Amino acid sequence: MNIPKTIRRYCPKCDTHTEQKISIYKAGKRRGSARGERRHAERKHGYGGQKFPKLAKPAKVTKKVTPLLTCSICKKKFNKYGIRIKKFELVAA
């Protein structure tokens, strides 16, 4: 699916319609020292093994892509709902 790199849409911070740049949200690097990571490692540790079954075959064919919109005036970033799509391509409009 081809999506334009810039789009004109409402910015709640500016309270007006502005040009907004679209990029794809990418999750940051996971920290092993984070509370959830430590809890997950502790529950996997010892007898009993994995705390949930490892999937042999993934159920979904596609990943959800979350568009990240950046207002050109106030530089505020907004996440749009993720869309399940095979190919996400940003094109100059």
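Trainee: Is cysteine 71 buried or exposed, and what is its relative accessible area?

Mentor: This is a predicted model, and the reading for this residue follows from a cut-off, since buried means under 20% relative accessible area. Cysteine 71 falls under that cut-off and is therefore buried, with a relative accessible area of 0%.

Trainee: How many disulfides does the structure hold, and why is cysteine 71 not bonded to the closest cysteine sulfur?

Mentor: A disulfide needs two cysteine sulfur atoms within 2.5 Å. The closest cysteine sulfur to that of cysteine 71 belongs to cysteine 74 and is 3.6 Å away, which is too far for a bond. Cysteine 74 is itself in no disulfide, its nearest cysteine sulfur being that of cysteine 14 at 3.5 Å. The number of disulfides in the structure is zero.

Trainee: Is cysteine 74 buried, partly exposed or exposed?

Mentor: The class between the two cut-offs, 20% and 50%, is called partly exposed. With a relative accessibility of 24%, cysteine 74 counts as partly exposed.

Trainee: How many residues of β5 are buried, and which of them lie on each side?

Mentor: Five of the five residues of β5 are buried, so the strand is largely enclosed by the rest of the structure. In a regular strand the side chains alternate between the two faces of the sheet. Both faces of β5 are covered, with the buried residues being Pro67, Leu69 and Cys71 on one side, and on the other Leu68 and Thr70.

Trainee: Where does leucine 68 lie, and which residues does it touch beyond four places away in sequence?

Mentor: Leucine 68 belongs to strand β5, which spans residues 67-71, and it counts as buried because its relative accessibility is 15%. Asparagine 79 is eleven residues from leucine 68 in sequence, yet their C-alpha atoms are 4.8 Å apart in space. Leaving out residues up to four places away in sequence, leucine 68 touches Lys21, Ile22, Ser23, Tyr25, Lys77, Phe78 and Asn79.

Trainee: What is the strand order of the open sheet of four strands, and which are its edge strands?

Mentor: Strands of a sheet pair through backbone hydrogen bonds, either parallel or antiparallel. Here the pairing is antiparallel and the order is β2-β3-β5-β6. Neighbouring strands are turned against each other by 40° on average, direction ignored. Pairing on one side only marks the edge strands, which are β2 (6-11) and β6 (77-79).

Trainee: How many bridges join β3 to β5, and which residue of β5 stands opposite lysine 21?

Mentor: Strand β3, residues 16-24, pairs with β2 in the antiparallel sense over six bridges, and arginine 8 has glutamate 19 in β3 as its bridge partner. The antiparallel pairing of β3 with β5 is made through five bridges. Opposite lysine 21 in β5 stands threonine 70.

Trainee: How many bridges pair β5 with β6, and which residue of the hairpin takes a positive phi?

Mentor: The two strands pair in the antiparallel sense over three bridges, and one of the pairings sets threonine 70 against lysine 77 in β6. Five residues lie between the strands of this hairpin, and the positive phi, near 65°, is taken by lysine 75.

Trainee: How many salt bridges does the structure hold, and what are the closest N and O distances?

Mentor: Side chains of opposite charge can pair when their charged atoms come close, and the structure holds two salt bridges. Arginine 30 counts as exposed at 68% relative accessibility, and its partner glutamate 37 counts as partly exposed at 24%. Lysine 87 counts as exposed at 54%, whereas glutamate 89 is partly exposed at 32%. The closest N and O atoms are 2.4 Å apart between arginine 30 and glutamate 37, and between glutamate 89 and lysine 87 they are 3.4 Å apart.

Trainee: What is the radius of gyration of the chain, and how does it stand against the globule rule?

Mentor: The chain has one helix and eight strands, which run β-β-β-α-β-β-β-β-β from the N terminus on. For 93 residues the globule rule gives 12 Å, and the chain lies well over that value, so it is more spread out than a compact globule, with a radius of gyration of 19 Å.

Trainee: What share of the residues in the chain is buried?

Mentor: The C-alpha atoms fill a box of roughly 55 × 30 × 20 Å along the principal axes. Of the contacts with a separation of 6 or more, 47% come from residues 24 or more positions apart. Among the 93 residues of the chain, the buried share is 17%.

Notes: Residues numbered from 1 in each chain as written. Predicted model: local features only at pLDDT ≥ 70, side-chain atom pairs only at ≥ 80, totals over all residues. Heavy atoms only, no water. Buried < 20%, exposed > 50% of the residue type's maximum accessible area, 1.4 Å probe, protein only. Contact = heavy atoms within 4.5 Å. Pairing = 2+ DSSP bridges. Axes fitted to C-alpha atoms, helices over the stretch in contact; angles between N-to-C directions. Salt bridge = Lys/Arg side-chain N within 4 Å of Asp/Glu carboxyl O. Rg over C-alpha atoms; globule rule 2.2 N^0.38 Å.
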